[in-house]
Amino acid sequence: MRAIYFEEFNCPLSIKDLPIPTPSPKGVVIKVEATGLCRSDWHAYVGHDPDIKLPHVPGHEFAGTIHTVGAQVKNFHPSDRVTVPFVNGCGECEYCKSNNAQVCPTQTQPGFTHYGSFAEYVAIENSDFNLIKLPPEIDFNTAAALGCRFATAYRGLIARAQLQPNQTVAIFGCGGVGLSALMIAKALGAKTICIDINDQTLAKCQELKADYIINSATTDPVKKIQELTNNQGADIAIDALGSEQTAIQSVLSLKRRGKHLQLGLLLTPTNTTPMPMARTIAYELDLLGSHGMAAVDYAQMLQLISTGKLNPQQLITKKVKLEEGPELLKNLDKNPSTGVVILNP
């Protein structure tokens, strides 16, 4: 099979012919029909994840058809149309049994713990527990766009922040995960404020019906959010970028008893980040995280997509062949995309 492959971090990428994987007894091998290009894949490529073993094939947002199944798989068969969360649970621990596989201590992640989906085929473990059958009306490109970004934003807003209609949601950083959060918040009747430094990105937010947009390169976003909310602040604020600055601004933009939702990865040398804890105490704020979504929770989101209430396909900005992937991945930090780029192996 053809796959995007690297033998050293932050070194040249290539397309390499590799053997098609063999499924484990409880696993399957999926023929990849579409896979999303995500900033997390770039972090893997440059060596920000210490658990990745070289050589490596990245890629973790995908959909496809089952190619082969392991002997102990009961619920899935060759040719089934499927997608999968980027976090796969063991199915046996206390977290998996409580429907929280996204924090399973022995989780596997395609593109991180093992070869991923920037390839023609990818192997998945514990498939009866982790796989999701796709409704016929949802195509592979749309399913791949759900990936980590849309699913993480969905669970973050619905299960973690418990978003209610008419609440105000401020979104700091409007790349793939920020735009996903915008679409979900709008679909559930929230008022949205989108903050970014890129005019093209903010134009996309306007296209997706954001109520307010703020260019934080020219405007103090915390002060402006106070103005827009009658000096109350946002009910929910999201750091969808993952930087010390946007995380702090998110917290400071909240109303009393508001909720900060961290969706962007905060990668610092010490794995710690300064936060305004005095404000957190004084305002009784909630600081929340979202690490993807377990397969068991996909049904409600897929139903909203099937009925047209959510349209993640609007996030797809480009569809390219696998051969274009190495150059796009290498330069993802220099040329971030407004929306989602899909690779079609």
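Accessible areas are obtained here by the Shrake-Rupley method with a 1.4 Å probe. On that basis, the chain of this predicted model exposes about 15,100 Å², and carbon and sulfur atoms supply 49% of that area.

**Overall fold**

The chain has 345 residues, for which a compact globule would have a radius of gyration near 20 Å; the value for the chain is 20 Å, so the two agree. Taken along the principal axes, the C-alpha atoms fill a box of roughly 60 × 40 × 35 Å. The secondary structure comprises 11 helices and 15 strands. Of the 345 residues, 54% count as buried. Among contacts in the chain with a separation of 6 or more, 70% join residues that lie 24 or more positions apart.

**Aromatic cluster**

Ring centres must lie within 6.5 Å for two aromatic rings to pair. The count by this rule is 2 aromatic pairs. In one of them, the rings of Phe 6 and Phe 9 have their centres 6.2 Å apart and their planes at 50 degrees, so this pair is tilted. In another, the ring centres of Phe 6 and Tyr 45 are 5.6 Å apart with the planes at 75 degrees, and the pair is therefore edge-to-face.

Phe 6 is located in the loop between β1 (2–5) and β2 (14–17), whereas Tyr 45 belongs to helix α1 (residues 39–46); the pair therefore ties together parts that are 39 residues apart in sequence. Phe 6, Phe 9 and Tyr 45 together form one aromatic cluster.

Which members of the cluster are buried, and which is partly exposed? Residues under 20% relative accessible area count as buried, and those between 20% and 50% as partly exposed. Phe 6, at 1% relative accessibility, is therefore buried. Tyr 45 is likewise buried, with a relative accessible area of 2%. Phe 9, at 28% relative accessibility, counts as partly exposed.

**Charges over rings**

Two further aromatic residues, Tyr 5 and Tyr 283, each have a charged side-chain end over the ring. The table lists these arrangements with the distance from the charged end to the ring centre.

| Charged residue | Ring | Distance to ring centre |
|---|---|---|
| Lys 16 | Tyr 5 | 5.3 Å |
| Arg 279 | Tyr 283 | 4.5 Å |

Lys 16 and Tyr 5 also fall within the strands already named: β1 spans 2–5 and β2 spans 14–17.

Note on methods
Residues numbered from 1 in each chain as written. Predicted model: local features only at pLDDT ≥ 70, side-chain atom pairs only at ≥ 80, totals over all residues. Heavy atoms only, no water. Phe/Tyr/Trp six-rings, centres within 6.5 Å; stacked < 30°, edge-to-face > 60°. Buried < 20%, exposed > 50% of the residue type's maximum accessible area, 1.4 Å probe, protein only. Helix = DSSP H or I, 4+ residues; strand = E, 2+ residues; numbered from the N terminus. Lys NZ or Arg CZ within 6 Å of the ring centre and 35° of its normal. Rg over C-alpha atoms; globule rule 2.2 N^0.38 Å. Contact = heavy atoms within 4.5 Å.
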